[in-house]
Amino acid sequence: MTNDSTTDTTGPVRIDDLPIREELRGQSPYGAPQLDVPVRLNTNENPYPLPDALVDRIAERVREAARELNRYPDRDAVELRTGLAGYLSRTAGHEVTTAQVWAANGSNEVIQQLMQAFGGPGRTAIGFEPSYSMHALIARGTGTGWISGPRNEDFTIDVEAAKKAIAEHRPNVVFITSPNNPTGTAVDADTVLALYDAAQAARPSLVVVDEAYGEFSHRPSLLPLIGGRPHMVLSRTMSKAFGAAGLRLGYLAADAAVVDAVQLVRLPYHLSSVTQATALAALEHTDTLLGYVERLKSERDRIVAELRALGYEVTESDANFVQFGRFEDSRAVWRAILDRGVLVRDNGVPGWLRVTAGTPAENDAFLDAVREIKKEHDA
Ligand SMILES: *Cc1c(COP(=O)(O)O)cnc(C)c1O
């Protein structure tokens, strides 16, 4: 007897041989290349290792936590959320309470939980591209339809076109990334409000402001906009400004009801005791960490100025990275920079590349590389 569903066992099994969800067939996972080169300026990491005093404090706090690892962590992470609420209230221009803050393993998990609660099958989300590709990938992973919204030539959001797209598609979730990745472009409060109003006019929908790079911006945080707007969410992370990408700690601030809503979909005990202890230690050293942010901002401004002096086009940046171009063949320029020992990012934006602000020495290596390439090109 033959069985039609028997899989051919010659050769390795591929993803598409599995009984996988249809919409995942032929897709590839998120991934910036992690190449072993001297200067890595491709994933917007903070180049400064955590200061020794903080490393010691983490060891102390984790040691305490380790004594109780036989128990599940605080499911609601109350002490940590209180600390994060205090940090936002002090630095982001708007008072928030513990009940208004939620934390998870990176802002990616925060966004995934939001999409599990507010997106899902039969629902859609919109983002204005080019933007952070994880928004679309998390939409895919949660069965949420994705709509790619427009931007202007200069990478600011085209407000009229965006309002039109929202009115036409009536999305359930709207993503606004400020400063935007990979372009560095900040979004002004008026634009966020215009899109919020357009979205609410189309249907009651969640507006998620992804402020992963908020601390690097010249402009004030958009946090105050959550006041009186229960459908507005602000997300932040310790991955960039806090120099703790390896920690995996992201958080949101919103109306307390939004925090209640994500608790319907979060896994119980999602945030380990070790993570909570480490993040609490980081919050004790906020002033030192924000000092590094100031250094990175001035390095960012130096990269912008030097690239412009070399004749490159540079997109205005409020983040810890810079988008520069324009290139007929950005892939070839990416490769030429890599050949000189510096890894930058090709985000697939035609004509443009992105470089993360590193230490002064790393930035010099990058600037030397592009100077050389420019000279060869112009020769
Ligand atoms: C880096 C980045 C994040 C951070 O994700 P984590 O999961 O917190 O590391 C979120 N949003 C944007 C736009 C980013 O560039």
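**Reading the ligand site and one helix residue**

Guide: In this predicted model, the shell around the ligand draws its largest share, 3 residues, from helix H3, which spans residues 106-118.

Visitor: How many residues surround the ligand, and which are the closest?

Guide: One begins by listing the residues beside the ligand. Here 13 residues surround the ligand, and the closest of them are Ser107, Tyr213, Thr237, Ser239 and Lys240. When sorted by character, the residues of this shell divide into 3 nonpolar, 7 polar and 3 charged.

Visitor: Which N or O atoms of the protein should I look at beside the ligand's own oxygen and nitrogen atoms?

Guide: A polar contact is a pair of N or O atoms within 3.5 Å. In this structure, an oxygen atom of the ligand lies 3.0 Å from a polar backbone atom of Asn108, and an oxygen atom of the ligand is 2.8 Å from an N or O atom in the side chain of Asn181. A nitrogen atom of the ligand, in turn, is 2.7 Å from an N or O atom in the side chain of Asp210. The protein covers 94% of the 390 Å² of accessible area that the ligand has on its own.

Visitor: Where does the ligand sit?

Guide: The ligand sits in the largest pocket.

Visitor: Why is Glu362 called partly exposed?

Guide: Partly exposed is the range between buried, under 20% relative accessible area, and exposed, over 50%. Glu362 belongs to this range because its relative accessible area is 21%. Glu362 is found in helix H11, residues 360-378, and, C-alpha to C-alpha, it is 22 Å in space from Asp52, with the two 310 residues apart in sequence.

Conventions. Residues numbered from 1 in each chain as written. Predicted model: local features only at pLDDT ≥ 70, side-chain atom pairs only at ≥ 80, totals over all residues. Heavy atoms only, no water. Near = heavy atom within 4 Å. Polar contact = N/O pair within 3.5 Å; in protein donor to acceptor, adjacent residues only side chain to side chain. Areas by Shrake-Rupley, 256 points an atom, 1.4 Å probe, with all protein chains shown as cover. 1 Å grid on protein atoms, 1.4 Å probe; cavity = no way out; pocket = protein on both sides within 12 Å on 5 of 7 lines; lining within 4 Å. Sits in = over half its atoms within 2 Å of the grid points. Helix = DSSP H or I, 4+ residues; strand = E, 2+ residues; numbered from the N terminus. Nonpolar A, V, L, I, M, F, W, Y, C, P; charged D, E, K, R; others polar. Buried < 20%, exposed > 50% of the residue type's maximum accessible area, 1.4 Å probe, protein only.
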